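Work through the following exercises with the model open beside the text, and attempt each task before reading its solution.

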Amino acid sequence: MTEAPSGPLGPEFDDRRAHAPRAPRPPHDEQELEGPLFALSKAAWQVVLLTGVASLILGVLVLVWPGASLFAAGILFGVYLLISGVFQLVAAFGTHRATSLRVLAFISGALSIVLGLFCFRGPMQSILLLALWIGIGWLIRGITQTLAAIHDQTMPARGWQIFLGIVTFIAGIVLIDSPFRSVAVLTLVCGIWLVAVGVVEIVTAVRMRSHAKQVPQAL
């Protein structure tokens with residue numbers, strides 16, 4: 001039998017302990033740590049579920065109170081114009097080096113602030129400005145998308161791109177021609193779309209949850 005080494009090191013430095021069989025670890029009741037893939041799969045369906053519930057609630061509110069929704073959208077649009085105008089003015093005096101860029105940023109920022117203040121004069125002004133803003137944006141996008149699809153023969157789904165560009169162009173003209181009536185219809189369509197998106201995302205979250213349970217917790 002091997003004796004413990006003697007000397008100045010003492011018995012605490014006995015190397016026989018390194019070759020001795022290790023005692024089995026006692027069972028512990030602590031929960032196994034979640035792996036990154038398992039945590040990601042669990043968080044994914046929760047985020048989709050919350051988004052779906054929020055979209056569903058917002059869509060129902062828009063359908064139940066379209067007038068209040070339009071008023072809130074107009075106020076938020078005014079706040080957006082004010083904030084963007086302030087940032088553009090700051091950029092005009094601090095970031096751009098060229099004089100022409102400074103002048104353009106200053107004009108754009110001042111115009112945004114004026115239009116933002118115009119939105120706060122009353123709900124009708126904000127709704128009118130919002131409708132015109134959306135209509136002009138659709139008009140420009142429709143023209144750009146249609147011309148790009150016509151000149152680029154290699155564009156995927158070229159026929160559908162041309163059709164979508166024409167429809168967007170016509171929708172912009174209609175929105176500019178009768179902004180109040182068009183925005184009211186657009187609000188109803190937006191509410192129906194939000195409800196549909198909410199239902200689809202809730203169903204998707206439920207299916208994602210069933211698949212997430214199949215992911216091992218250690219992954």
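The exercises below go from the overall fold to single helices, then to aromatic rings and the surface.

The model is a predicted one, in which local features need pLDDT of at least 70 and side-chain atom pairs count only at pLDDT 80 or more, while totals for chains, interfaces and linings use all residues. Residues are numbered from 1 along each chain as its sequence is written, and side-chain values use heavy atoms, with hydrogens and water left out.

**Exercise 1. The fold**

Task: Determine how many helices and strands the protein chain has, and what share of its residues counts as buried.

Solution: Begin with the DSSP runs, where a helix (H or I) needs at least four residues and a strand (E) at least two, numbered from the N terminus. On this basis the protein chain has seven helices and zero strands, and from the N terminus its elements run α-α-α-α-α-α-α. Next apply the burial classes, in which buried means under 20% relative accessible area, exposed over 50%, and partly exposed in between (1.4 Å probe, protein chains only). Of the 219 residues, 24% count as buried.

**Exercise 2. The sides of two helices**

Task: For helix H4 and helix H6, find which residues are buried and where they lie around the axis.

Solution: Take H4 (residues 99-119) to start with; its 21 residues reach 30 Å from the first C-alpha to the last, close to the 30 Å expected at 1.5 Å a residue, the expected span being 1.5 Å times one less than the number of residues. Ala-105, Gly-109, Ser-112, Ile-113, Gly-116 and Cys-119 are buried in H4. Because these residues cover an arc of only 115 degrees around the axis, they fall on the same side of H4, the arc being that of the directions from the helix axis to the C-beta atoms. Thr-99, Leu-104 and Val-114, on the other side of H4, are exposed.

Turn now to H6, which has 20 residues and reaches 29 Å between its first and last C-alpha, close to the 28 Å expected at 1.5 Å a residue. Here Gly-165, Thr-168, Gly-172 and Leu-175 are buried; they cover an arc of only 95 degrees around the axis and therefore share the same side of H6. On the other side of H6, Gly-159, Phe-163 and Asp-177 are exposed.

**Exercise 3. Aromatic rings**

Task: Explain why the pair of Trp-160 and Phe-163 is classed as it is.

Solution: Rings of Phe, Tyr and Trp (its six-membered ring) pair if their centres lie within 6.5 Å, and planes under 30 degrees apart count as stacked, over 60 as edge-to-face and the rest as tilted. The structure holds three aromatic pairs. For Trp-160 and Phe-163 the centres are 6.1 Å apart and the planes stand at 85 degrees, so the pair is edge-to-face. Both residues lie in H6 (residues 158-177), three residues apart, about one turn of the helix, and both are exposed. Elsewhere, ring pairs link Phe-77, Tyr-80 and Trp-133 into a cluster.

**Exercise 4. Helices H2 and H7**

Task: Decide whether Gly-52 is buried or exposed, and do the same for Ile-192.

Solution: Gly-52 is found in helix H2 and counts as buried because its relative accessibility is 0%. Between Gly-52 and Glu-201 there are 4.7 Å in space, C-alpha to C-alpha, although they are 149 residues apart in sequence. Ile-192, by contrast, lies in helix H7 and counts as exposed because its relative accessibility is 53%.
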